[in-house]
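Biologist: Could you take me through the salt bridges of this chain, slowly and with some care? I would like a close look at one of them to begin with, and then at how the others compare in their surroundings.

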Amino acid sequence: MAATLIARAIRARPEAVIGLATGSTPTRCYGELVRLHREEGLSFAGVRTFNLDEYLGLPGDHGQGYRRFMQEQLFERIDIRPWNTHVLDGMARDTGAECAAFEHRIAAVGGVDLWLLGIGANGHIAFNEPGSAADSRTRVVDLSAETIAANSDGRFFKDPAEVPRQALTAGIATIRAARRIVLLATGAGKRAALRTAVEGPSTESCPASLLQGHPDCLFLADREAWGA
Ligand code: GLP
């Protein structure tokens, strides 16, 4: 469904600006976008993309870097123009300038039409950990012990010691500025975070709950994540 929504946005506006996420959750969506490209003529030739986040200190071609993830999962398998894909540079010497440039590029293309998100088991979105401010913008953040553990369970990093302690991330306000938000949640491990985000108060202790009140925000969850 997420891929269908993204495809619809691109067909409505071939120069669509799409926000993307990494992690296990969106990989099937990217597989379906590749299929739509190969079998149903969906073209990304005019599309611009912005990724949520990147580890600090990992070169773009590092095995666990998010630039490489996007190249392998999506960008190298469709007809998107490389210069239209924007992933924060984890090796930037001036991280402040890198974050400011990212915000500037989003503004320069008129904002994001649709931003695809995942959710962390602690309610984080992108790398906005609990406590992130609702008005936060792209910046350097410290990763929580929980996020470091979640990303070193063997799916990505093999050992917590390998996981960078900091990351560059789009802020809550950066994400909320997207005209449409589609958040994906799969598996029972996301159930508590999802319930809190949707049914709890809008609070910085659950960053995904700060999406409440957005005019066009859709949460797509499987049965395990929703608990129904
Ligand atoms: C990671 C990413 C997030 C992602 C989340 C969930 O740390 N920075 O953007 O949405 O955690 O990841 P997964 O889909 O692998 O559960």
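Modeller: In this predicted model, R195 has a relative accessible area of 29% and is partly exposed, because the buried class ends at 20% and the exposed class begins over 50%. Its partner in a salt bridge is E199, with 3.1 Å from N to O, and E199, at 53% relative accessibility, counts as exposed. Both E199 and R195 belong to helix α7, residues 191-199, where they sit four residues apart, which is about one turn of the helix. Side chains of opposite charge can pair when their charged atoms come close.

Another salt bridge joins R137 to E103, and here the closest N and O atoms are 3.0 Å apart. This pair links distant parts of the chain, since R137 lies in the loop between β5 (114-117) and β6 (139-142), while E103 lies in helix α4 (residues 95-108), 34 residues apart. As for accessibility, R137 is partly exposed at 41%, whereas E103, at 18%, counts as buried.

The side chains of D153 and R155 also meet in a salt bridge, at 3.1 Å from N to O. In that pair D153 is partly exposed, with a relative accessible area of 49%, and R155 counts as partly exposed too, at 43%.

Elsewhere, E32, R35, E39 and E40 are linked in a network of salt bridges, and for the model the count comes to 10 salt bridges.

Definitions and conventions: Residues are numbered from 1 along each chain as its sequence is written. This is a predicted model: local features need pLDDT of at least 70, side-chain atom pairs count only at pLDDT 80 or more; totals for chains, interfaces and linings use all residues. Side-chain values use heavy atoms; hydrogens and water are left out. A salt bridge is a side-chain nitrogen of Lys or Arg within 4 Å of a carboxyl oxygen of Asp or Glu. Helices (H or I, at least four residues) and strands (E, at least two) are DSSP runs, numbered from the N terminus. Buried means under 20% relative accessible area, exposed over 50%, partly exposed in between (1.4 Å probe, protein chains only).
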